[in-house]
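Hi,

Here's the structure I said I'd pass on to you. Have a look around first, then read on for what turned up in it.

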Amino acid sequence: PGSYLCQACCAAMITGVGLQYVLDRVKLHGAADGSGKKYLTNRETIRYLLDFNLCLGAFGRFHYVEMDDYPGIQIHELEKLPALVGVKSEHYPSAEHAVVWDPERKMILDPTKDEPQWLSTYKVYEWCTVTSLEQESL
């Protein structure tokens, strides 16, 4: 917790590589709060995923509401694809945290947890599906 590397960890999980590989491929930026800690921006994440013929799509912001209580989103459609999910940090209430939705297990993969977690344990504010640009999937 507090390493600022959660999005880089999620990018590694999505592409099936180690964290160090991601860190070696992308440029990390200094934190806006002046702490000097590094983080992976959304733009760098998109560029990194494109190298694997993956893109982020069906972007949605939910403003810290419970997914089950939000009538405007069809979660049964979104849950069929892997996703980079923005959630409220449990360790830093004013901060954001990145996790991965695993559609096969229907669970969240959190870089700070050893075991998959239920979606209902998170306050979701952003859900970005990951889709393949490979010809056979179009």
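Let's start on the outside: I46, L50 and L133 make a nonpolar surface patch of about 230 Å². Before going further, keep in mind that this is a predicted model. I46 sits in helix α3, and with a relative accessibility of 39% I46 counts as partly exposed.

**More from helix α3**

While you're at that helix, find N42, which is also part of α3. N42 counts as partly exposed too, at 42% relative accessibility. What does the side chain of N42 touch through a polar contact? The partner is the side chain of Q7, and the contact is 3.0 Å. Q7 itself is one of the buried residues of helix α1. You can also check N42 against L56: the two are 14 residues apart along the chain, and their C-alpha atoms are separated by 9.8 Å.

**Helix α1**

That brings us to α1, which covers residues 6–15. How many of its ten residues are buried? Eight are, so you can think of this helix as mostly covered. Besides Q7, the buried ones include C6, A8, C9 and C10. Further along, A11, A12 and T15 are buried as well. Just after α1 comes G16, and its phi is positive, near 75°.

**Salt bridges**

Now for charges. Side chains of opposite charge can pair when their charged atoms come close. How many salt bridges does a search of the whole structure find? The answer is four, and here are three to look up.

Begin with D51 and R25, whose closest N and O atoms are 2.4 Å apart. This pair links distant parts of the chain, with the two positions 26 residues apart in numbering: D51 is in the loop between α3 (42–50) and β3 (54–65), while R25 is in helix α2 (residues 19–25). Is D51 buried or exposed? D51 is exposed, because its relative accessible area of 52% is over the 50% cut-off. R25, at 37% relative accessibility, counts as partly exposed.

Next, go back to α3 for R47 and E44, which form a salt bridge with closest N and O atoms 3.4 Å apart. Both residues lie in that helix, three residues apart, which is about one turn of the helix. Their surroundings are worth a look: R47 is partly exposed, with a relative accessible area of 46%, whereas E44 is buried, at 14%.

The side chains of E90 and K113 also meet in a salt bridge, at 2.5 Å from N to O. E90 lies in the loop between β4 (83–88) and β5 (96–102), and K113 lies in the loop between β6 (107–109) and β7 (124–132), so the pair ties together parts that are 23 residues apart in sequence. E90 is exposed, with a relative accessible area of 53%, and K113 is partly exposed, with 28%.

**Aromatic rings**

Last topic: the rings. The count comes to three aromatic pairs. In one of them, Y21 and F52 are arranged edge-to-face, 6.4 Å from centre to centre and with 75° between the planes. Where do these two residues sit? Y21 is in helix α2 and F52 is in the loop between α3 and β3, 31 residues apart, so this is another pair that links distant parts of the chain. Y21 counts as partly exposed at 37% relative accessibility, and F52 is partly exposed as well, with a relative accessible area of 26%.

The rings of W101 and W127 have their centres 5.5 Å apart and their planes at 45°, so this pair is tilted. W101 is in strand β5 and W127 in strand β7, 26 residues apart, and the pair links distant parts of the chain. Are these two buried or exposed? Both W101 and W127 are buried.

Finally, Y21 and F52 come up once more: ring pairs link them with Y48 into a cluster.

Have fun exploring, and write back with anything you'd like to talk through.

Cheers

Notes: Residues are numbered from 1 along each chain as its sequence is written. This is a predicted model: local features need pLDDT of at least 70, side-chain atom pairs count only at pLDDT 80 or more; totals for chains, interfaces and linings use all residues. Side-chain values use heavy atoms; hydrogens and water are left out. Helices (H or I, at least four residues) and strands (E, at least two) are DSSP runs, numbered from the N terminus. Buried means under 20% relative accessible area, exposed over 50%, partly exposed in between (1.4 Å probe, protein chains only). Rings of Phe, Tyr and Trp (its six-membered ring) pair if their centres lie within 6.5 Å; planes under 30 degrees apart count as stacked, over 60 as edge-to-face and the rest as tilted. A polar contact is a pair of N or O atoms within 3.5 Å; within protein, one must be able to donate a hydrogen and the other to accept it, and residues adjacent in sequence count only if both atoms are side-chain atoms. Patches are made of residues with over 30% relative accessible area and no salt bridge: like charges are joined within 9 Å, nonpolar side chains (Val, Leu, Ile, Met, Phe, Trp, Tyr) within 5 Å. Accessible areas come from the Shrake-Rupley method with a 1.4 Å probe; for residues, only the protein chains shown count as cover.
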